[in-house]
Amino acid sequence: MSDVIVIGGGIAGLSAAARLAPDASVTVLERESATGYHASGRSAAVFEPNYGAPSVRALNRASEAYLRQGGYLSPRGLMLLGKAEEQSAFEADVASMGLVPISVAEAREIIPVLDPAKLRYAAYHEGAQDIDTHRLLEDFARTVRAHGGQVLTGHPV
């Protein structure tokens with residue numbers, strides 16, 4: 001018998017379950033055969049503090065110390081590229097994400113396979129980090145289990 005049932009074994013579900021586990025009996029139900037099967041292993045794999053709506057940025061700032069202290073982050077960098085017809089959208093993204101405009105030639109120094117004939121704009125932010133999502137998810141699941149909870153895969157709701 002569980003006090004709390006969490007539906008979904010992705011980043012959101014497992015992190016919530018891990019936080020609840022010290023104070024409640026928690027069961028995580030994941031439909032897929034593994035945790036983090038879909039978006040969590042892809043979309044949640046980059047930590048970019050300047051990305052997203054204000055609420056997402058606030059969550060980024062709130063989670064940064066935890067991710068750093070846990071050793072989940074490693075250097076990556078983030079590059080934004082744009083074609084000539086994408087100028088206004090490119091400039092808006094550069095401004096909202098705090099990116100530094102660089103030349104296409106500088107972009108090609110970082111990523112030599114870029115085709116300069118197709119690009120007009122480039123910007124870069126070295127503060128973006130890779131998140132070791134596999135280890136993060138496993139640590140959350142380990143925390144749930146250490147407090148007597150369960151993480152059940154192959155269990156649709």
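Two strands count as paired when DSSP finds at least two bridges between them. With that in hand, welcome to these close-up views of a predicted model.

**View 1. The antiparallel sheet is built in the order β5-β7-β6.**
This open sheet has three strands, and their pairing is antiparallel. At its edges are β5 (78-82) and β6 (100-102), each of which pairs on one side only. Neighbouring strands here are turned by 30° against each other on average, direction ignored. Look next at β6 and strand β7 (residues 121-125), which pair in the antiparallel sense over three bridges. Which residue in β7 does P101 stand opposite? P101 faces A123 there. In general, the strands of a sheet pair through backbone hydrogen bonds, either parallel or antiparallel.

**View 2. Helix α3 lies across the antiparallel sheet's strands β5, β6 and β7.**
The helix spans residues 87-97 and runs at about 160° to β5. One residue to find in helix α3 is E91. E91 is partly exposed because its relative accessible area of 43% falls between the 20% and 50% limits. To get a sense of distances, compare E91 with A45: the two are 46 residues apart in sequence, and their C-alpha atoms are 25 Å apart in space.

**View 3. The parallel sheet is built in the order β1-β2-β9.**
Here three strands again make an open sheet, and this time the pairing is parallel. The edge strands are β1 and β9 (150-153), and each pairs on one side only. Neighbouring strands of this sheet are turned by 20° against each other on average, direction ignored. Four bridges link β1 to strand β2 (residues 26-30) in the parallel sense. Which residue of β2 is the bridge partner of V6? The partner is V28. Helix α1 (residues 11-20) lies across β1, β2 and β9, and runs at about 170° to β2.

**View 4. I5, I7 and V157 make a nonpolar patch on the surface.**
The patch covers about 360 Å². One of its residues, I7, lies in strand β1 (residues 4-7). Is I7 buried or exposed? I7 is exposed, because its relative accessible area of 60% is over 50%.

**View 5. E32 sits in the loop between β2 and β3 (46-47).**
E32 counts as buried because its relative accessibility of 17% is under 20%. What does E32 contact, apart from its neighbours within four places in sequence? Its contacts are Y37, H38, T153 and G154. E32 also forms a salt bridge with R31, and the closest N and O atoms of this pair are 3.5 Å apart. The two partners differ in their surroundings: R31 is exposed, with a relative accessible area of 57%, whereas E32 is buried. In general, side chains of opposite charge can pair when their charged atoms come close.

**View 6. L67 is a buried residue of helix α2 (residues 54-69).**
The relative accessible area of L67 is 6%. That value is under 20%, so L67 counts as buried. Which residues does L67 touch, not counting those up to four places away in sequence? They are F47, Y72, L73, I131 and L136. For contrast, consider A95: L67 and A95 are 28 residues apart in sequence, with their C-alpha atoms 25 Å apart in space.

**View 7. D139 shares salt bridges with R135 and R142.**
In the R135 and D139 pair, the closest N and O atoms are 3.3 Å apart. Both residues lie in helix α5 (residues 133-146), four residues apart, which is about one turn of the helix. In the R142 and D139 pair, the closest N and O atoms are 2.4 Å apart. R142 and D139 are both in helix α5 too, three residues apart, again about one turn of the helix. Salt bridges that share partners join D132, R135, D139 and R142 into one network. Within it, D139 is buried, with a relative accessible area of 16%. R135 is partly exposed at 29% relative accessible area, and R142 is partly exposed at 48%. How many salt bridges are counted in this model? The count comes to six.

Conventions:
Residues are numbered from 1 along each chain as its sequence is written. This is a predicted model: local features need pLDDT of at least 70, side-chain atom pairs count only at pLDDT 80 or more; totals for chains, interfaces and linings use all residues. Side-chain values use heavy atoms; hydrogens and water are left out. Patches are made of residues with over 30% relative accessible area and no salt bridge: like charges are joined within 9 Å, nonpolar side chains (Val, Leu, Ile, Met, Phe, Trp, Tyr) within 5 Å. Accessible areas come from the Shrake-Rupley method with a 1.4 Å probe; for residues, only the protein chains shown count as cover. A salt bridge is a side-chain nitrogen of Lys or Arg within 4 Å of a carboxyl oxygen of Asp or Glu. Helices (H or I, at least four residues) and strands (E, at least two) are DSSP runs, numbered from the N terminus. Buried means under 20% relative accessible area, exposed over 50%, partly exposed in between (1.4 Å probe, protein chains only). Axes are lines fitted to C-alpha atoms, for helices over the stretch in contact, and angles run from 0 to 180 degrees between N-to-C directions. Contact means heavy atoms within 4.5 Å.
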